[in-house]
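This report describes selected local features of one protein chain. The sequence and the coordinates come first, and the description follows.

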Amino acid sequence: MNEHDRLIEEPRLFDQLCSTLYLSAGFEQVKKNKGKPGIDGVTIADFEARLDEELSRLQQELQDWTYQPSPVRRVEIPKPGGKGVRLLGIPTVRDRVVQTTLKLLLEPIFDPHFSGHSYGFRPGRSQHQAVQAAQRIVESGKPYVVDIDLSKFFDRIHHDRLIGRMGQRIADKRILRLIGMMLRSGVMINGVVNPNKEGAMQGGPLSPC
């Protein structure tokens, strides 16, 4: 697809997101991934029991911009070796359906531009492949593998900068507006909603966990 075609097609992304066909595909992926309920206590089974109603309501709310992402439910997962905890945020099932549908639409746009040496959280790639690639590099005569981790990277993501970078490839501003709403939906801790001024909470379909 050339640049001209991209700019023609991408304004339709939000319309695709609002389609029950795409939302149904999003739900099937949420169901496959399983997971606990968010702050509303609604399980995947509860959502599926009234699936047509739930998807129709999501479609309507997205179309008329009454959809509001709920705050995520804070969960703390101990890190290996007693190195503190990893903070996760569990979205509601309905929010996971929207996020997963977004992922299905956005991944084919962004993934082709990633480095060929990037293996993390990408379709068709795995940690095992990354290890195998490192082994091949060592076998070629290079004796070192450097492991670098950016401390609290996801906790410090600048929302406006992230959306600005995404806007370089996404022509549909409605998609960018919706992502901004998701980033700023907040975190519920002990019954109190804390706003998100920066960072992307891990634990949902749109962020690695």
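## Sheet

Two strands count as paired if DSSP finds at least two bridges between them. In this predicted model, strand 1 (residues 72-78) and strand 2 are paired in the antiparallel sense, over six bridges. Within this pairing, arginine 73 stands opposite isoleucine 90 in strand 2.

The sheet is open and has four strands in the order 2-1-3-4, with mixed pairing. Strand 2 and strand 4 (192-194) are the edge strands, each pairing on one side only. From one strand to the next, the twist averages 45 degrees. In general, the strands of a sheet pair through backbone hydrogen bonds, in either a parallel or an antiparallel arrangement.

## Threonine 92

Threonine 92 lies in the loop between strand 2 (85-90) and helix 6 (93-110). The relative accessible area of threonine 92 is 1%. Because the cut-off for a buried residue is under 20%, threonine 92 is classed as buried.

The side chain of threonine 92 makes a polar contact with the side chain of aspartate 95, at 3.1 Å. Not counting residues up to four places away in sequence, threonine 92 touches Gly38, Ile39, Asp40 and Ser70.

## Helix 6

Helix 6 has 18 residues, which at 1.5 Å a residue should span 26 Å. The C-alpha atoms at its ends are 25 Å apart, so the expected and the computed lengths agree.

There is nevertheless a bend of about 30 degrees in helix 6 at leucine 104. A proline, proline 108, follows leucine 104 within four residues. Helix 6 is mostly covered, with 14 of its 18 residues buried.

## Glutamate 54

Glutamate 54 is placed in helix 5 (residues 51-64). Is this residue, glutamate 54, buried or exposed? Its relative accessible area is 5%. Since buried means under 20%, glutamate 54 is buried.

The side chain of glutamate 54 makes a polar contact with the side chain of arginine 57, at 3.2 Å. An α-helix has 3.6 residues a turn, so residues three or four places apart point the same way. Leaving aside neighbours within four places in sequence, glutamate 54 is in contact with Phe47 and Arg94.

How values were computed:
Residues are numbered from 1 along each chain as its sequence is written. This is a predicted model: local features need pLDDT of at least 70, side-chain atom pairs count only at pLDDT 80 or more; totals for chains, interfaces and linings use all residues. Side-chain values use heavy atoms; hydrogens and water are left out. Helices (H or I, at least four residues) and strands (E, at least two) are DSSP runs, numbered from the N terminus. Buried means under 20% relative accessible area, exposed over 50%, partly exposed in between (1.4 Å probe, protein chains only). A polar contact is a pair of N or O atoms within 3.5 Å; within protein, one must be able to donate a hydrogen and the other to accept it, and residues adjacent in sequence count only if both atoms are side-chain atoms. Contact means heavy atoms within 4.5 Å. The expected span of a helix is 1.5 Å times one less than its number of residues. The bend at a residue is the angle between axes fitted to the seven residues ending there and the seven starting there. Axes are lines fitted to C-alpha atoms, for helices over the stretch in contact, and angles run from 0 to 180 degrees between N-to-C directions.
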